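Notebook open, coffee poured. I wanted to go through this one from overall shape down to single residues.

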Amino acid sequence: MTKNLVTIQLFDKEFTIKTKEIPERMEKVVDLVSKYLTDIQKQRPFRDRTTVSLLAALNIAAEYVEAQERHIALEKEISGKANYLINLIDNFLKEIPCGVRDQ
């Protein structure tokens, strides 16, 4: 995958970054980060951009961890249901002859 040079703007400052992401996805990422930065600044105006950036990173990381936990729980639930269905099918096939060898 080729790397793209993308110019983004955060805190009224331009940054040019090299990324494997397509520009459209990078735009979504920048919009999300910008939203977090703006929301934090609205709640309590910090003068130190490092503090705002750190709080935004922590909030984003917390949501990421929560999403990972939900994903793992969903995988377990789907796996359990799939195993249940496989067992139902296996039991059904054991009870009903369905081929020449079964006779």
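Here are my entries, starting with the ground rules.

**Ground rules.** This is a predicted model, so I kept in mind that local features need pLDDT of at least 70 and side-chain atom pairs count only at pLDDT 80 or more, while totals for chains, interfaces and linings use all residues. Residues are numbered from 1 along each chain as its sequence is written, and side-chain values use heavy atoms, with hydrogens and water left out.

**Entry 1, elements.** I looked up the secondary structure and found 2 helices and 2 strands. Read from the N terminus, the order is β-β-α-α. Helices here are DSSP runs of H or I with at least four residues, strands are runs of E with at least two, and numbering starts at the N terminus.

**Entry 2, overall shape.** I got a radius of gyration of 25 Å, where a compact globule of 103 residues would be near 13 Å. That radius is taken over C-alpha atoms, and the globule rule is 2.2 Å times the number of residues to the power 0.38. The C-alpha trace spans about 80 × 35 × 15 Å along its principal axes. I also checked one pair: the C-alpha atoms of E14 and F92 are 64 Å apart, with their positions 78 residues apart along the chain.

**Entry 3, surface and contacts.** How many of the 103 residues count as buried? I noted 11%, where buried means under 20% relative accessible area, exposed means over 50% and partly exposed is in between (1.4 Å probe, protein chains only). The accessible surface comes to about 9100 Å², and carbon and sulfur atoms own 56% of that. Areas are from the Shrake-Rupley method with a 1.4 Å probe, and for residues only the protein chains shown count as cover. Of the contacts (heavy atoms within 4.5 Å) between residues at least 6 apart in sequence, 16% join residues at least 24 apart.

**Entry 4, charges.** I have 16 positive and 16 negative side chains, and the centres of the two sets lie 6 Å apart. Lys and Arg are the positives, Asp and Glu the negatives; His and the chain ends are not counted. Each charge sits at NZ of Lys, CZ of Arg, CG of Asp or CD of Glu.

**Entry 5, the hairpin.** Strand β1 (residues 4-10) pairs with β2 in the antiparallel sense over 7 bridges; pairing takes at least two DSSP bridges between the strands. I picked out T7, whose bridge partner in β2 is T16, and L5, which stands opposite K18. The hairpin has 2 residues between its strands.

**Entry 6, the loop.** Which kind of phi does F11 have, positive or negative? It is positive, near 55°, in a residue other than glycine. D12, also placed in the loop between β1 and β2, has a positive phi near 55° too. F11 counts as partly exposed because its relative accessible area is 23%, while D12 is exposed at 72%.

**Entry 7, E14.** I found E14 in strand β2 (residues 13-19). Why does E14 count as exposed? Its relative accessible area is 59%. Not counting residues up to four places away in sequence, E14 touches T7, I8 and Q9.
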